[in-house]
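Work through these exercises with the sequence and the model side by side. Try each task before you read its solution.

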Amino acid sequence: MKENHTLKIAILSLGFNLAYGIYNGIIGFSSHSWWLITLCAYYIILGVTRFGVLIFNEKNKNQVASDRFIMRFTGCLLIFLSIILAGTAYLAFESERGIKYNEILMITIAVYSFTKITLAIINLIKARKNDSSPIKTLRYISFADALVSIFALQRSMLVSFGAMPVNEIQILNICTGTAVYIGVFILGIILIRGKQNGKIKYSKS
């Protein structure tokens, strides 16, 4: 039952990731923003990876080997994405401050982003007590997804609501962005190392 519940959540998350990613992609292409285009790819890749973790684990009979492969592959992916995002963000700092949205849309994005990071933190804490490697991997993916969403939200909010000088906006974005990318990078390292708090357990429906 727990696996079916997790699968339903993963499918729902995939739908939101695809929708939000495509939304960023449309705005990115229309405004020629490499930052939003990269965000589009980031959300879609993480969404598909989250879904793939469950599907791969279900179909692979050698679950121990499957878990190790999934964790290391996902870890490498997070490290790669953190480097790409950091490079793209650096280029964006040089040419764009962020996309300005109207108040209603900005509030909607803020609610979505804060809900995402809150749920990701709660699930990450719960995952520390769970010995299932696939569930831990899914929680790490969700947390990496939420971290970048919060950073993207900050970039837009500073432009949409604030009257902060451009140089101060850039400094704040650099500081927050650096913390986020280091966080995603560390999540990747943890998954590659594959440390577990005990034996691997699997739920039976």
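**Exercise 1. Count the helices and strands, then write the pattern along the chain.**

Solution. This is a predicted model. Step one: count. The chain has six helices and zero strands. Step two: read along the sequence. The pattern is α-α-α-α-α-α.

**Exercise 2. Describe the chain as a whole: burial, exposed area and contacts.**

Solution. Start with burial. The chain has 205 residues, and 45% of them count as buried. Next, take the surface. About 11,300 Å² is exposed, and carbon and sulfur atoms supply 68% of that area. Last, take the contacts with a separation of 6 or more. Residues 24 or more positions apart account for 81% of them.

**Exercise 3. Find the largest nonpolar core and say which helices build it.**

Solution. First, the size: this core has 40 residues. Trp 35, Leu 39, Tyr 42, Val 148 and Val 184 have the most contacts inside it. Now the helices. H1 (2-31), H2 (34-59), H3 (63-95), H4 (103-127), H5 (133-160) and H6 (166-193) each supply at least two residues of the core. The largest share comes from H5, with 11 residues.

**Exercise 4. Place Cys 40. Is this residue buried or exposed?**

Solution. Locate the residue first: Cys 40 is found in helix H2. Then check its relative accessible area, which is 15%. Buried means under 20%, so Cys 40 is buried. Now list its contacts, leaving aside neighbours within four places in sequence. They are Gly 21, Ile 22, Asn 24 and Gly 25. Finish with a distance. Cys 40 and Ala 19 lie 21 residues apart in sequence, and their C-alpha atoms are 9.4 Å apart in space.

Conventions. Residues are numbered from 1 along each chain as its sequence is written. This is a predicted model: local features need pLDDT of at least 70, side-chain atom pairs count only at pLDDT 80 or more; totals for chains, interfaces and linings use all residues. Side-chain values use heavy atoms; hydrogens and water are left out. A nonpolar core is a set of buried Ala, Val, Leu, Ile, Met, Phe, Trp, Tyr and Cys residues joined through side-chain atoms within 4.5 Å. Buried means under 20% relative accessible area, exposed over 50%, partly exposed in between (1.4 Å probe, protein chains only). Helices (H or I, at least four residues) and strands (E, at least two) are DSSP runs, numbered from the N terminus. Contact means heavy atoms within 4.5 Å. Accessible areas come from the Shrake-Rupley method with a 1.4 Å probe; for residues, only the protein chains shown count as cover.
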